[in-house]
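I opened this model to look up its overall build first. After that I turned to local backbone details.

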Amino acid sequence: MTSLPARAGRRCHNVVNPLHSALYFAPDLARELAPYGIEDPSAVYFAARAAALGRVGPGVVTATFYNFHHDLVARHLPGVWELASPETVLAARLRAADSMLRRLLGEEAVASGEMAEAAGLALRAAEGCVRPGRPLYAAHADLPVPEAPHLALWHAASLLREHRGDGHVIALRHAGLDPLEALVSHTASGRGMAPRWVLATRGHTRRDWEEAQERLRGRGLLDAEGELTEAGVALRKELEEETDRLDRAPYEHLGAAGTERLTELCGAFTAAVVGAGAFPDGLFGKG
């Protein structure tokens, strides 16, 4: 074990995670699943992210994904598995990750020594993740590691993302924030998904959003204008710090120097995919 600088793991996560999450905004994924009849954007997302869990129903996905309305999940699961098995979806997902990374980064970057180095470091970090209490991470940890370095990096980014996400759900439950209260307070911090994106993709209504705001106001976490109060800011800070604590093991395992190098390498790759338009404009913010 080695001592890490403060927030080193979070900084690393912030540049590794986009390499995984870009897939859910990529046309490549929809294109790979369309031949099986999976065309609704929500169905594409639920199938692709849940496939590692197996042929699960809506309850498992609502619990593990946390911030989606159960009715939206139930609209697509378990029915989506009648169109394509989880194994079929996983294969399609990997093909989509391959085409996405080649398109956004270019063949030279995909074949580079830096890509192979980043993949090795990310996989090494993932060795420090733990399965107990981490259902989405544990399901992905049972999948084989792809041979190609860019796909190995995408796989490792998936492991690290889901490990941190599982820990974040633990922190949210401890803080007493329900799924929509978590989204509303994150958006109010200026770092979360914009309300129009939440309402368009998570299955919640505008009334649901406003009721969550009222609950947060009742706890003194949100003011009349929808901004975080001092207590709200403090709670969001505590949440991130607790998530950091719960997600510290992978980066301790990798070590300070390795974490810094992985952050450097993936920072360059993430800047490239963002610059290539991997994420839609206006995805994050208060508006």
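My entries run from the whole chain down to single residues.

**Overall build**

I am working with a predicted model, not an experimental one. I looked up the secondary structure first. The protein chain has 17 helices and zero strands. Next I checked how compact the chain is. Its radius of gyration is 19 Å, close to the 19 Å that the globule rule gives for 287 residues, so the chain is as compact as a globular protein of that length. I also took the extent of the C-alpha trace along its principal axes, which is about 55 × 50 × 35 Å.

**Burial, contacts and surface**

I then asked what share of the 287 residues is buried. The figure is 54%. For contacts, I kept those with a separation of 6 or more. Residues 24 or more positions apart account for 77% of them. The exposed area of the protein chain comes to about 12,700 Å². Carbon and sulfur atoms supply 54% of that area. I noted the charges too: 31 positive and 37 negative side chains. The centres of these two sets lie 2 Å apart.

**Helix 15**

I picked out helix 15, residues 230-246, for a length check. Its 17 residues should span 24 Å at 1.5 Å a residue, and the end C-alpha atoms are 24 Å apart, so the two agree. Which residues of helix 15 are buried? I listed Gly-232, Leu-235, Arg-236, Leu-239, Glu-240, Thr-243, Asp-244 and Leu-246. The list includes Arg-236, Glu-240 and Asp-244 alongside Leu-235, Leu-239 and Leu-246. I then looked for the packing partners of these buried residues. They are helix 1 (8-21), helix 11 (149-175) and helix 12 (179-188).

**Backbone exceptions**

Most residues other than glycine have a negative phi, and most peptide bonds are trans. I searched for exceptions.

I found a cis peptide bond between Leu-77 and Pro-78, with omega about 10 degrees. Pro-78 sits in the loop between helix 5 (70-76) and helix 6 (80-83).

Arg-7 is not a glycine, yet its phi is positive, near 65 degrees. I placed Arg-7 in the segment before helix 1.

Tyr-66 also has a positive phi, about 80 degrees, without being a glycine. Tyr-66 lies in the loop between helix 4 (58-65) and helix 5.

Are these two residues buried or exposed? Arg-7 is partly exposed, at a relative accessible area of 44%. Tyr-66 has a relative accessible area of 9%, which means that Tyr-66 is buried, the cut-off being under 20%.

Methods. Residues are numbered from 1 along each chain as its sequence is written. This is a predicted model: local features need pLDDT of at least 70, side-chain atom pairs count only at pLDDT 80 or more; totals for chains, interfaces and linings use all residues. Side-chain values use heavy atoms; hydrogens and water are left out. Helices (H or I, at least four residues) and strands (E, at least two) are DSSP runs, numbered from the N terminus. The radius of gyration is taken over C-alpha atoms; the globule rule is 2.2 Å times the number of residues to the power 0.38. Buried means under 20% relative accessible area, exposed over 50%, partly exposed in between (1.4 Å probe, protein chains only). Contact means heavy atoms within 4.5 Å. Accessible areas come from the Shrake-Rupley method with a 1.4 Å probe; for residues, only the protein chains shown count as cover. Lys and Arg count as positive and Asp and Glu as negative; His and the chain ends are not counted. The place of a charge is taken as NZ of Lys, CZ of Arg, CG of Asp or CD of Glu. The expected span of a helix is 1.5 Å times one less than its number of residues.
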